[in-house]
Amino acid sequence: MEIKNIESNKLSFYRTNHRFKNYAEFSSIEEFEEYHQWAKKSNVDFYILGNGSNTLFGRKNIKTLVLKNNLSKAIRSISPERVEVTSSTLVIELLKYCYEKSLDSFYYLASVPATVGGALAMNAGRGKEHNLTIYDFVESVTFFDGDKIRTLKADEIDRSYRKTIFTGINNFLIMSAIFSFPHTQFNENPIAARREWSKKFQDYNSPNCGSVFKNSDPKIIQKLKGLKIGKTNFSSKTFNWINNYSENSLPILLLIKVAQFLHIINSRKIDLELIKVD
Ligand SMILES: Cc1cc2nc3c(=O)[nH]c(=O)nc-3n(C[C@H](O)[C@H](O)[C@H](O)COP(=O)(O)OP(=O)(O)OC[C@H]3O[C@@H](n4cnc5c(N)ncnc54)[C@H](O)[C@@H]3O)c2cc1C
């Protein structure tokens, strides 16, 4: 077991710089269990980090034990349409596999720099109006609950828009999942098509974590387009999207506060999609 004290701007896709007082990487369940026990004993929160594409670090000094998922990446074929995938595998790697094998899949996530574990924890998918998520193809998820390894079928996993029993701090570790992808035929490369779409409509000019809020009043968020604090701004191009050039996460937090304040004074509901870790 090795808990490190490191400084890094690589752990969140906002690329903000922080000192991580408690940082570790695990490559087996036994290692994860040791860190989990340490966190419990030391009364410290722990956070399972996938690729950091939905993670907002708050303070300059992060006290939470940040546990980077370094389990080995693997896509194992069970039958032509069924695969078992480990949680550290990148979503894009799985989509490339599906495309090569002519399998239908969640190709709308081709522009998302997520791990399979992060996507399952977040119930990643298309916008609310489409009602499509990664779980449309999930048979079961295997996870470690801090005590034992368990498997739940997709319909046994409580979830709502961008939320599951795995979302957030002090949670269960997703180890792998079994997916079922029906055979299909393509008229075009769905990965390239999605990437074209996202280049056109999404703002990749600077570090970002995609959508900021999972529930909000569109009229209020629309008005915030272009609002800038220091080197950080609500994108003028993409709705509900913050672009960040600052090493410090304070401007991101302030922009979020402005949006929350406007919702409160207008009696509107707002919920953060990003996971904030301190
Ligand atoms: C350019 C861009 C576009 C995006 N577009 C979309 C989109 O179209 N749809 C969408 O839904 N999201 C989108 N996102 C947001 C983000 O990519 C997703 O939320 C993604 O699922 C996060 O995956 P991650 O591996 O980076 O997770 P992280 O940010 O590392 O973690 C997110 C959550 O997952 C948990 N987690 C991670 N791994 C595990 C594990 N193995 N076991 C248990 N919990 C775990 C973390 O603890 C945390 O609660 C976008 C982000 C970016 C940067």
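This is a short walk through one structure, from two of its helices to a central strand, the core, the ligand and a little sheet.

Okay, hi everyone. Before anything else, please keep in mind that what you're looking at is a predicted model.

Let's start with helix H1, which runs over residues 29-42. That's 14 residues, and the helix reaches 20 Å from its first C-alpha to its last, close to the 20 Å expected at 1.5 Å a residue. So which residues of H1 are buried? They are Phe32, Tyr35, His36 and Ala39. If you look down the axis of H1, those buried residues fall within an arc of 105 degrees, so they line one face of the helix. Now swing round to the other side of H1, and you find Glu30, Gln37 and Lys41 exposed. And what do the buried residues pack against? Quite a list of strands: E2 (18-26), E3 (46-49), E6 (65-69), plus E9 and E13. One more detail here: just after H1, asparagine 43 takes a positive phi of about 55 degrees.

I mentioned E13, so let's go there. This strand covers residues 173-180, and it is mostly covered, with six of its eight residues buried. Which strands pair with E13? Two to point out. Strand E8, residues 82-86, pairs with E13 in the antiparallel sense over five bridges. In that pairing, you can find threonine 86 standing opposite serine 176 of E13. Then strand E9, residues 138-144, also pairs with E13 in the antiparallel sense, over six bridges. There, valine 141 stands opposite alanine 177.

Hold on to those last two residues, as they come back in the core. As a general point, nonpolar side chains in soluble globular proteins tend to be buried together. In this model, the largest nonpolar core has 66 residues. The members that touch the most others are Val66, Leu67, Leu109, Ala119, Leu120 and Ile134. Take leucine 120: leaving out residues up to four places away in sequence, it touches Ile134, Val141, Phe166, Ile174 and Ala177.

Next, the ligand. There are 34 residues around the ligand, and Gly50, Ala114, Gly117, Gly118 and Gly210 come nearest. Where does the shell come from? E3, helix H3 (116-122) and E13 each supply at least two residues. H3 gives the largest share, five residues.

Further along the chain there's an open sheet of three strands, in the order E15-E16-E17, with antiparallel pairing. The edge strands are E15 (228-229) and E17 (242-244), and each of them pairs on one side only. E16, residues 232-234, pairs with E17 over three bridges. If you want a spot to zoom in on, threonine 232 has asparagine 244 of E17 as its bridge partner.

Last stop: helix H6, residues 250-265. It has 16 residues and reaches 22 Å from first C-alpha to last, close to the 22 Å expected at 1.5 Å a residue. Its buried residues include Ile252, Leu255, Ile256 and Ala259. They cover an arc of only 100 degrees around the axis, which puts them on the same side of H6. What does the face turned away from that buried side carry? The exposed residues Lys257, Phe261, Ile264 and Ile265. And just after H6, serine 267 takes a positive phi of about 50 degrees.

That's the tour, thanks for listening.

How values were computed:
Residues numbered from 1 in each chain as written. Predicted model: local features only at pLDDT ≥ 70, side-chain atom pairs only at ≥ 80, totals over all residues. Buried ≥ 20, exposed ≤ 12 C-beta atoms within 10 Å, placed from the backbone. Helix = DSSP H or I, 4+ residues; strand = E, 2+ residues; numbered from the N terminus. Pairing = 2+ DSSP bridges. Expected span 1.5 Å × (residues − 1). Arc of directions from axis to C-beta. Contact = placed C-beta atoms within 7 Å. Core = buried A, V, L, I, M, F, W, Y, C linked by C-beta atoms within 7 Å. Near = placed C-beta within 6 Å.
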